[in-house]
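Biologist: I'm new to reading protein models, and I'd like to learn by asking about one. Could you take me through it?

Modeller: Sure, let's open it up and go feature by feature.

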Amino acid sequence: MTAEAGGADFILETRGAQHRFGAHVVAAAADAGGRMLAFALGDGTVALLPTAAPARIAARPAVHDGAALALSPDSQPGAFLVGGDDGRLARLDAAGEAATLAAWPGRWVEHVLAFPGKGSWRAAACGKAVHLFAGESEAGPLKTLPHPSTVTGLATDAKGKRIAASHYNGASLWFVAAKEDRPRALAWKGSHTGIAMSPDGRYLVTAMQENALHGWRLEDGADMRMSGYPAKTRSLSFTARTRWLATSGAEAIVCWPFSGDGPMGRAPRELAGGDGILVSQVACHPQHEVVAAGFADGLVVLVEIESGRVLPVAEPGRGTVTALAWSPEGRWLAFGTETGFAAVVDFSSTTAR
């Protein structure tokens with residue numbers, strides 16, 4: 001990673017495209033083919049930007065009657081899944097056409113997830129249920145997976161054979177293609193508010209209401225507790241080889257070591273801290289041991305985990321960073337803030353090799 005001369009906005013100004021949407025940026029995502037970027041907004045619209053011309057807004061359709069709550073790449077390239085507080089799950093294509101996959105009037109669709117590989121699927125969490133859909137058609141749900149309480153997050157591993165959901169008193173782990181749906185219950189008392197699954201499928205980690213993380217080593221069910229955060233952890237991201245779990249919720253990027261048998265008895269690595277401002281979002285690069293982080297004051301940085309070297313991307317002053325996402329090949333970083341500022345940055349020649 002090589003920093004370039006100039007101010008904190010040098011990378012943004014020379015390698016990025018900036019937009020001001022006038023509505024809270026709820027989430028950002030890149031499609032599975034890496035050709036389109038999307039920003040889900042608090043006014044129910046979704047802004048679509050082609051990576052070939054990221055300064056141009058290709059479309060900004062009103063997908064929801066209310067706020068957009070969730071966004072992910074679709075199982076098929078060139079499209080996205082979007083959930084909203086109108087109870088609608090939509091598939092949005094690159095032309096800005098939204099097709100309703102399902103609707104649950106009076107409910108909120110707060111979490112969506114799709115797997116694009118062999119055996120592709122789509123999923124949406126609504127209340128206590130996770131609804132699974134085929135990944136290659138727009139037919140209705142294949143199955144509904146019930147949970148003991150409201151689902152607060154969804155995750156899968158690199159192979160997409162299992163889907164995990166966080167909820168009160170723990171998490172549930174399901175085999176997507178199982179003929180008989182019986183979850184593996186991972187119990188730990190308390191409110192679990194988010195979830196991440198390691199790419200190698202060995203670990204499941206949840207964020208807790210009491211400013212801590214809880215994890216399970218799936219091969220033997222061992223519990224792991226990671227505490228000491230000054231605030232709630234709202235963003236979790238594993239590196240591509242499962243060596244590190246990067247997290248928000250502190251005044252630095254907290255990276256827990258997951259090589260070997262996991263973080264038990266080991267201290268985390270703290271990166272890019274020192275200014276007293278909380279990290280609000282993290283997103284690990286899809287190939288390299290690099291993490292992007294957004295802060296509560298709007299600062300965005302890129303950090304090489306092993307060396308700790310920091311590359312400023314965007315200076316503070318545009319509002320809390322609320323969305324952060326990489327394109328699948330790791331070339332593009334998209335981020336947005338609570339004030340409606342959004343940007344995409346090309347890292348094709350600045351990302352560590």
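Biologist: Let me start with empty space. What volume does the second largest pocket have?

Modeller: The general idea comes first: rolling a probe the size of a water molecule over the atoms shows where empty space is left. Keep in mind that this is a predicted model. Here, the second largest pocket comes out at about 180 Å³.

Biologist: Okay, and which residues lie nearest the centre of the second largest pocket?

Modeller: Look for Gly 119, Ser 120, Trp 121, Val 176 and Ala 177; they belong to a lining of 16 residues. Sorted by kind, the lining has eight nonpolar, four polar and four charged residues.

Biologist: Which strand gives the most to that lining?

Modeller: That's strand S11, residues 129-134, which puts in three residues.

Biologist: Now the sheets. In what order do the strands S17, S18, S19 and S20 sit?

Modeller: As a general point, strands of a sheet pair through backbone hydrogen bonds, either parallel or antiparallel. In this model, the four strands make an open sheet ordered S17-S18-S19-S20, and they pair antiparallel. Its edges are S17 (192-197) and S20 (222-226), each of which pairs on one side only. From one strand to the next, the twist averages 20 degrees.

Biologist: How many bridges join S19 to S20?

Modeller: Five bridges, with S19 covering residues 212-217 and the two strands running antiparallel. To find one of them on screen, click Gly 215: its bridge partner in S20 is Met 224.

Biologist: There's another sheet, with S1 in it. Why is one side of S1 and of S29 left without a neighbour in that sheet?

Modeller: Start with the layout: four strands form an open sheet in the order S1-S31-S30-S29, again with antiparallel pairing. Strands S1 (16-20) and S29 (321-326) are at the edges and have a single partner strand each, so each has one side with no neighbour in the sheet. The twist here averages 10 degrees between one strand and the next.

Biologist: And what is the bridge partner of Val 321 in S30?

Modeller: Thr 337. S29 and S30, the latter being residues 332-337, are paired antiparallel over five bridges.

Biologist: Last one: what is the mean pLDDT of the protein?

Modeller: It's 95, and 97% of the residues reach 70 or more. Watch residues 1-5, though, where pLDDT is below 50; that stretch has 18 contacts in the model beyond near neighbours in sequence.

Conventions:
Residues are numbered from 1 along each chain as its sequence is written. This is a predicted model: local features need pLDDT of at least 70, side-chain atom pairs count only at pLDDT 80 or more; totals for chains, interfaces and linings use all residues. Side-chain values use heavy atoms; hydrogens and water are left out. Two strands pair if DSSP finds at least two bridges between them. Axes are lines fitted to C-alpha atoms, for helices over the stretch in contact, and angles run from 0 to 180 degrees between N-to-C directions. pLDDT is the predictor's confidence in each residue, from 0 to 100. Contact means heavy atoms within 4.5 Å. On a 1 Å grid over the protein atoms alone, a cavity is a set of points where a 1.4 Å probe fits but cannot get out, and a pocket is an open set with protein on both sides within 12 Å along at least five of seven lines; lining residues have an atom within 4 Å of a point. Grid points are joined across faces, edges and corners, and a volume is the space filled by probe spheres set on the points. Ala, Val, Leu, Ile, Met, Phe, Trp, Tyr, Cys and Pro count as nonpolar, Asp, Glu, Lys and Arg as charged, and the others, Gly among them, as polar.
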